[in-house]
Amino acid sequence: MTSEESLVLIKPDGVARNLTGEILSRIEAKGYQLVDIKLIEPERSLLAAHYAEHEGKPFYEPLLEFMESGPIVAIRIAGNRVIEGFRSLAGTTDPTTAAPGTIRGDLGRDWGLKVQQNLVHGSDSPESAQRELAIWFG
Ligand code: RTP
Ligand code: MG
């Protein structure tokens, strides 16, 4: 068993729609451990560090504006292959076509161009997880 940690964010749309409990339930039901959790309204500099890989892309500015639009729940989770496993729970990036049974597929809406409103973020590799956990939890 390879226990590892990942950073999960419940984005402003998830918090605003009162889906925090629903999303946490799915994480807990899967058997992942909640190691740390906080509600946070981050500075732009934190968000810029988090999304540095997307700087310069067309959706970068709207994405940062969206992420500044309300509180975010940041969660450190642990479990066997949790990085890959949580991304599987979350579903593909665009909620419009994310598979049923996933967080984005079940709870996301068809937002047209606003792909950024996809409820959650999950680290995509061990390197990203370490980098992102340091940014959000120090
Ligand atoms: P995340 O990083 O949030 O877990 O999502 P992801 O890996 O599935 O997607 P990624 O490619 O890393 O993109 C980061 C976030 O940017 C927004 N996005 N908007 N075409 C668009 O308008 C677009 N593409 C991406 C989404 O919020 C995505 O989660
Ligand atoms: Mg990503």
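1. Pro-126 is a reasonable place to start: setting aside its neighbours within four places in sequence, this residue is in contact with Glu-4 and Ile-83. Pro-126 belongs to helix α7, and it counts as partly exposed because 14 C-beta neighbours fall inside 10 Å, whereas a buried residue would need 20 or more. Its C-alpha atom is separated by 7.8 Å from that of Ser-6, although the two residues are 120 apart along the chain. The model under discussion is a predicted one, and the remarks that follow should be read with that in view.

2. On the overall fold, the protein chain has seven helices and four strands, which follow one another along the sequence in the pattern β-α-α-β-α-α-β-α-α-β-α. The radius of gyration of the chain is 14 Å, close to the 14 Å that the globule rule gives for 138 residues, so the chain is as compact as a globular protein of that length. The C-alpha trace spans about 40 × 35 × 25 Å along its principal axes, and 34% of the 138 residues count as buried. Among contacts between residues at least 6 apart in sequence, 70% join residues at least 24 apart.

3. Helix α5, residues 82-90, has Val-82, Ile-83, Phe-86, Arg-87, Leu-89 and Ala-90 as buried residues. These cover an arc of only 155° around the axis, which puts them on the same side of α5. As general background, an α-helix has 3.6 residues a turn, so residues three or four places apart point the same way. The buried residues of α5 pack against β1, α2 (20-29), β3 (72-80), α6, β4 and α7 (126-137). The helix is followed by Gly-91, whose phi is positive, near 90°.

4. The surroundings of ligand 1 consist of Phe-59, Leu-63, Thr-93, Val-115, Gln-116, Asn-118, His-121, Gly-122 and Asp-124. Sorted by class, this shell has three nonpolar, five polar and one charged residues. For comparison with the record, the UniProt annotation "binding site", from an unreviewed entry, covers Lys-11, Phe-59, Arg-87, Thr-93, Arg-104 and Asn-118.

5. Two of the positions in that annotation, Lys-11 and Asn-118, deserve a separate look. Lys-11 lies in the loop between β1 (3-10) and α1 (12-16), and it counts as buried because 22 other C-beta atoms lie within 10 Å. Not counting residues up to four places away in sequence, Lys-11 touches Met-67, Ile-72, Leu-119, Val-120 and His-121. Asn-118 is found in the loop between α6 (103-107) and β4 (120-122), and this residue is likewise buried, with 25 other C-beta atoms within 10 Å. Under the same exclusion of residues up to four places away in sequence, Asn-118 touches Thr-93, Pro-95, Arg-104 and Gly-108.

6. His-121 is the position at which UniProt, again in an unreviewed entry, places the feature "active site". The residue sits in strand β4 and is one of those around ligand 1. Is His-121 buried or exposed? It is buried, because 22 other C-beta atoms lie within 10 Å. Leaving aside neighbours within four places in sequence, His-121 is in contact with Val-8, Leu-9 and Lys-11.

Note on methods
Residues are numbered from 1 along each chain as its sequence is written. Chains are lettered from A and ligands numbered from 1 in the order in which they are written. This is a predicted model: local features need pLDDT of at least 70, side-chain atom pairs count only at pLDDT 80 or more; totals for chains, interfaces and linings use all residues. A residue is near a molecule or strand if its C-beta atom, placed from the backbone, lies within 6 Å of it. Ala, Val, Leu, Ile, Met, Phe, Trp, Tyr, Cys and Pro count as nonpolar, Asp, Glu, Lys and Arg as charged, and the others, Gly among them, as polar. Helices (H or I, at least four residues) and strands (E, at least two) are DSSP runs, numbered from the N terminus. The radius of gyration is taken over C-alpha atoms; the globule rule is 2.2 Å times the number of residues to the power 0.38. A residue is buried if 20 or more other C-beta atoms lie within 10 Å of its own, exposed if 12 or fewer, and partly exposed in between; C-beta atoms are placed from the backbone. Two residues are in contact if their C-beta atoms, placed from the backbone, lie within 7 Å. UniProt positions are given in the numbering used here, feature names are shortened, and annotations may be inferred rather than shown by experiment. The arc is that of the directions from the helix axis to the C-beta atoms.
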